[in-house]
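Me: Hi! I've got a structure open here and would like to talk it through with you. Could you take a look?

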Amino acid sequence: MTGQWQEQVSLKPYNTFGIDVKARYFSQARNDLHVRQALSQAQRLALPVLVIGGGSNLLLTRDIDALVLHMASQGRRVLSDDGEHVVVEAEAGEPWHPFVQWTLAQGFCGLENLSLIPGTVGAAPMQNVGAYGVEIKDVFVGLTALDRETGELRDFALADCAFGYRDSVFKRNPGRWLILRVRFALSRTLHAHLDYGPVRQRLAEQGVTEPTAQAISDAICSIRREKLPDPAELGNAGSFFKNPVVSAECVARIRAQYPGVVAYPQADGQVKLAAGWLIEQAGWKGYREGDAGVHRLQSLVLVNHGQASGAQMHALARRIQADILERFGVELEMEPNLY
Ligand SMILES: Cc1cc2nc3c(=O)[nH]c(=O)nc-3n(C[C@H](O)[C@H](O)[C@H](O)COP(=O)(O)OP(=O)(O)OC[C@H]3O[C@@H](n4cnc5c(N)ncnc54)[C@H](O)[C@@H]3O)c2cc1C
């Protein structure tokens, strides 16, 4: 089946929301040649192409009248090693968490805080994945992407990627760049980031006084397993909305009415608000409309209780956005990619 096309394939197993839409055509790419062959055949047929990895950041609202190209390329390697600093590279289709665990098993530090994020290596730069005070931009050295407009390969260095909060040049130019492989600069010495959320506290509870990168990873995995629903049991795409960044005046206005507003001042004078807090204050936590709902413990996570359609999930998201705008004057932006 590799490299071949199937018709009318259900995408339910290929998106963590578990939305049952069909792809007109579906194919897996296990290497660069498969990618090129699929793109040129699609071009001959004037078919759009949707590239997917683990489907953990997608909201599919309709059947996809396109070729859905599932990145399944595998491979990870050490490109350089001076005894302290290493550069590792992984193919786009490598599942992210096993890749992180592989780096830790080699004694390489840097990706531990990003443990247990679903999805693939190739999609991680799309929104500059981040968790527990670290984003991939902190350890990123480069990637190789195929320019779908010209068919040429291009290497991107850190400065070329315009990484921001859940943002990158790749996300801003949807469909232009197909990421083939990504490179990270890691080190044998741990530079621990323990101050975000309950990481330090969890390590203390576990009796860990001098944490290794693996211990930090284990602590973060245990926190994440408690906090976030497992998509295998309850369809979801992680955080559904980005934390909005607003002006200091806006926060002052909200604080006058809600003294407990959760707000993080930014270097540029703006303030990041916790979207989950806003949604919870507005009373949406645990809300359910048919099979589309808001998680009972995590207001930032929308969930599919079984048979919700993507359109129903999207309708719920829009109602929440409208309510938050009306109550707080704050616009919430969706994090998953909508198709
Ligand atoms: C339970 C849960 C927890 C999560 N926690 C976090 C978290 O802590 N931090 C965080 O940042 N995210 C988190 N996410 C979101 C998601 O896991 C990440 O965004 C992940 O990087 C998506 O990878 P994917 O392979 O599943 O991408 P997909 O969902 O398949 O695709 C996402 C986007 O990238 C594009 N794309 C995919 N592969 C490629 C490629 N090779 N080249 C070009 N474009 C490509 C797709 O077209 C799509 O637009 C979470 C999701 C879930 C379900």
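Me: Let's start with C221: buried or exposed?

Reply: Happy to help! One thing up front: this is a predicted model. C221 counts as buried, with a relative accessibility of 6%.

Me: And which cysteine sulfur is closest to the one in C221?

Reply: That would be the sulfur of C109, at 15 Å. A disulfide needs the two sulfur atoms within 2.5 Å, so C221 is too far from C109 for a bond.

Me: How many disulfides turn up in the whole structure, then?

Reply: Zero, after a search of the whole structure.

Me: What about C161, buried or exposed?

Reply: C161 is buried, and its relative accessible area is 0%.

Me: OK, on to the ligand. Which residues come nearest to it?

Reply: There are 37 residues around the ligand, and the nearest are V51, G53, G54, S56 and T120.

Me: What are the polar distances like there? I'm thinking about G54, G55 and T120.

Reply: Here they are, one by one. G54 has a backbone N or O atom 2.7 Å from an oxygen atom of the ligand. For G55, a backbone N or O atom is 2.8 Å from a ligand oxygen atom. T120 uses its side chain instead of its backbone: an N or O atom there lies 2.6 Å from an oxygen atom of the ligand.

Me: How much of the ligand's accessible area does the protein cover?

Reply: On its own the ligand has 980 Å² of accessible area, and the protein covers 95% of that.

Me: Nice. What's the shell made of, nonpolar, polar or charged residues?

Reply: The shell around the ligand has 21 nonpolar residues, 14 polar ones and two charged ones.

Me: And which strands supply at least two residues each?

Reply: Those are β3 (49-52), β8 (130-131) and β12 (177-187).

Me: Back to G53 for a second. Where does it lie?

Reply: G53 sits in the loop that runs between β3 and β4 (58-59). G53 counts as buried, at 14% relative accessibility. In sequence, G53 and T120 are 67 residues apart, while their C-alpha atoms are 5.6 Å apart in space.

Me: Let's zoom out. How many helices and strands are in the chain?

Reply: Eight helices and 20 strands. The chain's radius of gyration is 21 Å, close to the 20 Å from the globule rule for 339 residues, so the chain is as compact as a globular protein of that length.

Me: And what box do the C-alpha atoms fill?

Reply: Along the principal axes, roughly 60 × 50 × 35 Å. Of the 339 residues in the chain, 52% are buried.

Conventions:
Residues numbered from 1 in each chain as written. Predicted model: local features only at pLDDT ≥ 70, side-chain atom pairs only at ≥ 80, totals over all residues. Heavy atoms only, no water. Buried < 20%, exposed > 50% of the residue type's maximum accessible area, 1.4 Å probe, protein only. Near = heavy atom within 4 Å. Polar contact = N/O pair within 3.5 Å; in protein donor to acceptor, adjacent residues only side chain to side chain. Areas by Shrake-Rupley, 256 points an atom, 1.4 Å probe, with all protein chains shown as cover. Helix = DSSP H or I, 4+ residues; strand = E, 2+ residues; numbered from the N terminus. Nonpolar A, V, L, I, M, F, W, Y, C, P; charged D, E, K, R; others polar. Rg over C-alpha atoms; globule rule 2.2 N^0.38 Å.
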